Each structure stands twice: as C-alpha cells, then as structure tokens.
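User: I should like to understand how terms such as buried, pocket and cavity are assigned in this protein. Please set each value against its definition.

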Amino acid sequence: MSHAADSTRRAARPDIADVLAEDIFSGHYGPGDFVPKELDLCERFGVSRSTVRSALQTLVTAGLLTRISGQGTRVRALTEWHLLDPRVSGWMARFAQPNPRIQREIFAFRVAVEPFVARLAAEHATAADLLAIESAYEGMIHALEHDDLHWQGISHDDYDVAFHEAIFAASHNLVWAQISHVLKPAIALLVERSNHSADELHDSMERHRRMMEAIRLRQPEQAAAAALKVLERTGRDLGLEAMLPALPTLDVSTSDVSKTSSDKEAS
C-alpha cells in the first residue's frame, strides 16, 4: 500500500470518542450501561488497543465514562457529565436531539438565567453591543425571506444563536459572557429544535424584537419580561410549555409575569 493510500485510510477512520459520545448522548448506552470492551472496540474500528484506550480516556476526562477495575467501562450518571466542557457541549448539540431530559435541563437553565441577563444587558449595553444584537436580529429577518432560511451564507438558526450570545456579552459580566460561549452549542440545540414553520418563526421574531427594543431603550424590567416571552415561545415549540410556571428564574420580576400569563391562559 502506498503512503498516500495509507494516509487516506487513516484519515477516513471515525473519531472513536465522537462515535461513543453519539451512542451515549443518543441514549444507545444509558447511565449505568457498560460500553463495549476494549478488544471489541479494537475490532470494530480496526485500531490498536492504545488508540481505543486514548478515546475512552477522553470520555472519562469528560465525565461521561468511568473505568471499573475488572469489570469494564460504564456510563456515568447525567449529573456527572461535564456539560460545560466545550467538547461535551459540542457533542450535546450534535447528538442529543433524542434525549428529552437534556432538552428539559437546557430549557430550565435558559429560563432561570436569560431574563436576568437581559436585564443586565438593558443596563449595561454599549453602542457596539446594540449593533451586534441588531445585526443578528436583522440576519434572522432577512433569512426568513429565503426558502432555505439562509442569508449571506448564514442560517436563521445561527443568527438566532448569535442574537442570544450578543445579549450575554452585553451584560458586561465576565462570567455570563464566558458561559454564553460555553453554552452556545446547547442553545443551538434548542433553537434548531424549536424553529419549525414560517408562522412560528414570525411570531418568535416579534418576541425577539420586543426584547431587543427593551434593551435598546434601557428598560431592564421590560427586557427581562420579554426574554421570558421568547422562552415561552421556545417552550411551546418544544412541547415544554407545561414546565414554565414551575421553573425558577434569577430575575424575580419575571416570576410574576409567568404566573400572570399562566393565570390568563387558564381563565
């Protein structure tokens, strides 16, 4: 075999850590399950034992797996997974669609945090921050004008994620800004799942516009309430709207808004 052909064959091999991560995040292997033994993985992927061990160690370091002497390698409980590790959050965005618990946890986190972050953005956003938010919003609007929901080579979903990321940055809190970068794949997961039809997207855009305007007009309470309205739409599209009234939020004022909204719908 030539050197070029050998290089092509090696390049075509799948990333074993990625394949196992997909099996775990999709639920093929659940918490407490053992993944295949090292020798079985060697045969499956046609690689050496050291290569398999390196891949397994990647998942151990990420909190997904634990090695048990004399037994094998077992999937750890979801609470042990390092979901804020950039590679893990990337796996989650790529592979976790079939996992309803992960979707619920991400949604609950966003409900807890984003109204509070929107309040901070309304208080601290600079002209550059507002431009970033507005540019992402305009990208979403222009993408809606095209059948493939893309504008200037960027998808509507990516503009949507950029919109929320820009609001986190506009809080001018180092921790929140960094969390937005780490959570970007997780937010993208819910955005992709919740954006379906054109009618739903237009309704969502109006909610995003109100949130943007409240931030631009330096209206913290209105910004927090508008952020919750955006998430109400997300929850409805994901089939998680029943969760919303019971979910806590860092922004106290939005709790009243959520209860009022629920009371109106029930009456």
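Analyst: Val-113 is placed in helix α6; helices (H or I, at least four residues) and strands (E, at least two) are DSSP runs, numbered from the N terminus. The model is predicted, so local features need pLDDT of at least 70, side-chain atom pairs count only at pLDDT 80 or more, and totals for chains, interfaces and linings use all residues. Residues are numbered from 1 along each chain as its sequence is written, and side-chain values use heavy atoms, with hydrogens and water left out.

User: Why is Val-113 called buried or exposed, whichever applies?

Analyst: Val-113 has 4% relative accessibility and therefore counts as buried. Buried means under 20% relative accessible area, exposed over 50%, and partly exposed in between (1.4 Å probe, protein chains only).

User: Which residues are in contact with Val-113, leaving aside its neighbours within four places in sequence?

Analyst: They are Phe-168, Trp-176 and Leu-250, where contact means heavy atoms within 4.5 Å. Trp-176 is 63 residues from Val-113 along the chain, yet their C-alpha atoms are separated by 9.2 Å. For the protein, among contacts between residues at least 6 apart in sequence, 71% join residues at least 24 apart.

User: What is the volume of the largest pocket, and what makes it a pocket?

Analyst: Its volume is about 290 Å³. On a 1 Å grid over the protein atoms alone, a pocket is an open set of points with protein on both sides within 12 Å along at least five of seven lines, whereas a cavity is a set of points where a 1.4 Å probe fits but cannot get out; lining residues have an atom within 4 Å of a point. Grid points are joined across faces, edges and corners, and a volume is the space filled by probe spheres set on the points.

User: Which residues line the largest pocket closest to its centre?

Analyst: Of the 17 lining residues, the closest to the centre are Leu-83, Glu-105, Ile-106, Phe-109 and Leu-183. The elements giving two or more residues to this lining are α6 and α9 (174-194), and α6 gives the most, with seven. By class, the lining has 12 nonpolar, one polar and four charged residues. Here Ala, Val, Leu, Ile, Met, Phe, Trp, Tyr, Cys and Pro count as nonpolar, Asp, Glu, Lys and Arg as charged, and the others, Gly among them, as polar.

User: How many cavities of 30 Å³ or more are there?

Analyst: The count is two. The second largest has a volume of about 30 Å³, and its lining includes Glu-114, His-164 and Phe-168. The elements that give two or more residues to that lining are α6 (100-124) and α8 (156-170). Its classes are five nonpolar, one polar and one charged.

User: What makes the phi of Gln-152 and of His-172 notable?

Analyst: Most residues other than glycine have a negative phi. Gln-152 has a positive phi of about 55° although it is not a glycine, and His-172 also has a positive phi of about 55° without being a glycine. Gln-152 lies in the loop between β3 (150-151) and β4 (154-155), and His-172 in the loop between α8 and α9.

User: How do you know whether Gln-152 and His-172 are exposed or partly exposed?

Analyst: Gln-152 has 61% relative accessibility, so it counts as exposed. His-172 has 48%, so it counts as partly exposed.
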